[in-house]
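Hi,

Here is the structure I promised to pass on to you. Have a look at it first, and then read my notes underneath.

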Amino acid sequence: MTKPPRKPSKPLLRDDAPIRSRPRRQRDPAQPNLPLEPMPARIEPCLALLRAKPPKGDDWVYEIKWDGYRLAVHIEPTGIRILTRSGLDWTHRFPAIKQAAMWLPVGTAILDGEAVVLDEQGRSDFGLLQQSLGGRGGKKMSSDAIFMAFDLLYFDGHDLRKSELDVRRHLLEDLVPAGEQGDIRLSEEIEADGDQLLASACEHELEGIIAKRKDAPYRSGRLGDWVKIKCVLSDSFVIVGYEKSTASFGGIGRLLLAARKGDELVYVGGVGTGFNERSAAELREQMEKLIIGKPAVDTGRKRNAVFVRPELVAEIEYRAWTHDGKLRHASYKGLREMQDEAMVYEVE
């Protein structure tokens with residue numbers, strides 16, 4: 001008896017049919033009898049470099065960029081483990097993904113992907129994911145999150161990291177077929193011109209696209225084998241304080257933000273939009289515990305400012321930078337988990 005799939009979400013990018021990967025060749029039944037390789041306890045993820053434009057050429061394939069938490073799903077003889085990017089065990093927080101992993105037809109595997117919550121249009125929404133987990137520092141289990149699998153790093157006793165992406169994807173699509181609507185789904189490759197795909201993704205208000213080298217092995221770190229191109233810029237910044245306002249949710253008129261510059265923090269402006277009553281109340285509660293008398297960075301002269309220890313990391317959307325290094329048209333998206341080692345923006 002198999003687990004019934006969820007109700008399908010609306011297709012992305014096309015109104016008439018869901019995205020489909022290009023047809024794959026039939027898997028060769030004469031697999032080489034390689035010696036079994038030990039299963040890694042944890043693999044540092046391959047990270048995407050930010051670029052302004054999609055790369056050109058037949059060496060690249062494209063996927064939708066998902067906005068959630070990067071996870072690795074380990075299917076082991078002893079059970080299922082779901083690890084965050086930093087190696088934190090969050091198996092208990094994603095029971096639906098764990099259950100779906102148990103149903104996959106494989107003995108041992110490591111799947112790389114993203115936990116997301118989809119909105120009514122089928123777009124990943126970081127704020128909805130956070131709410132489903134109880135907010136930053138929350139302990140809730142998410143029954144709404146699904147896992148978008150985009151790579152296969154270990155499969156039935158074989159370490160696949162030295163194999164080309166094309167080979168890894170071929171095996172992944174055998175394991176998680178395209179078009180299935182369960183709690184583990186395939187992040188499908190899209191055959192298209194990169195510029196046209198980016199324009200279509202932005203038109204549908206998606207976060208952006210990912211380009212990957214077809215012939216590249218899986219290399220941990222940010223080495224350029226994967227590239228991300230965003231419709232709207234979005235990065236993580238440290239909260240160093242806030243300006244009080246009696247007319248705003250939670251009494252927060254504007255958050256004061258900082259980025260990293262070497263071993264120090266530097267002020268990059270503020271954000272006063274994107275809050276709702278719930279997120280502002282959560283923010284205020286978190287910041288009340290961190291109040292300090294002297295700012296951690298020079299923010300210039302601020303009226304009605306409250307300064308906090310630089311421990312909270314916020315995800316911020318913005319359109320551009322000003323000439324003096326401040327964020328333009330910034331909007332608050334949510335708090336990042338410190339345990340997940342959110343990458344704070346680095347100023348060159």
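Below is what turned up, going from the pockets to the sheet and then to the aromatic rings.

A word on the ground rules: this is a predicted model, in which local features need pLDDT of at least 70 and side-chain atom pairs count only at pLDDT 80 or more, while totals for chains, interfaces and linings use all residues. Residues are numbered from 1 along each chain as its sequence is written, and side-chain values use heavy atoms, with hydrogens and water left out.

Pockets and cavity

The largest pocket has a volume of about 1,100 Å³. (A pocket is an open set of points on a 1 Å grid over the protein atoms alone, with protein on both sides within 12 Å along at least five of seven lines; a cavity is a set of points where a 1.4 Å probe fits but cannot get out; lining residues have an atom within 4 Å of a point. Grid points are joined across faces, edges and corners, and a volume is the space filled by probe spheres set on the points.) Of its 40 lining residues, Ala 48, Arg 222, Lys 228, Lys 230 and Asp 235 are the closest to the centre. Two or more lining residues come from each of β1 (49–50), β2 (60–64), β3 (69–76), β9 (208–213), β10 (226–230), β11 (233–244) and β16 (313–318). Strands here are DSSP runs of E with at least two residues, and helices are runs of H or I with at least four, numbered from the N terminus. β11 gives the largest share of this lining, four residues. By class, the lining of the largest pocket has 19 nonpolar, four polar and 17 charged residues; Ala, Val, Leu, Ile, Met, Phe, Trp, Tyr, Cys and Pro count as nonpolar, Asp, Glu, Lys and Arg as charged, and the others, Gly among them, as polar.

The second largest pocket has a volume of about 770 Å³. It is lined by 31 residues, and those closest to its centre are Asp 67, Asp 125, Phe 126, Gly 127 and Lys 333. Here α2 (126–132), α5 (277–288) and β19 are the elements that give two or more residues to the lining. Its residues divide into eight nonpolar, 12 polar and 11 charged.

There is also one cavity of 30 Å³ or more, with a volume of about 100 Å³. Among the residues lining this cavity are Arg 42, Arg 70, Asp 112 and Tyr 218. β3 and β4 (79–84) each supply at least two residues of the lining, and β3 has the largest share with three.

Strands

Several strands around the largest pocket also meet in a sheet: an open one of four strands, in the order β1-β10-β9-β2, with mixed pairing. Strands pair if DSSP finds at least two bridges between them. β1 and β2 stand at the edges with a single partner strand each, so one side of each is left without a neighbour in the sheet. β1 and β10 run parallel and are joined by two bridges; Leu 49 has Val 227 in β10 as its bridge partner.

Elsewhere, β12 (residues 252–261) and β13 (residues 264–271) pair in the antiparallel sense over seven bridges. They form a hairpin with two residues between them, and Gly 262 in the turn has a positive phi of about 70°.

Aromatic rings

The structure holds 11 aromatic pairs. Rings of Phe, Tyr and Trp (its six-membered ring) pair if their centres lie within 6.5 Å; planes under 30 degrees apart are stacked, over 60 edge-to-face and the rest tilted. Tyr 218, met above in the cavity lining, forms an edge-to-face pair with Trp 226, at 5.8 Å centre to centre and 85° between the planes. Both residues are buried, where buried means under 20% relative accessible area, exposed over 50% and partly exposed in between (1.4 Å probe, protein chains only). The charged end of Lys 212 sits over the ring of Trp 226, 3.8 Å from its centre; the test is NZ of Lys or CZ of Arg within 6 Å of the ring centre and within 35 degrees of the ring normal.

Ring pairs also link Tyr 69, Trp 90, Phe 94 and Phe 126 into a cluster. Over the ring of Phe 126 sits the charged end of Arg 336, 4.2 Å from the ring centre.

Best wishes
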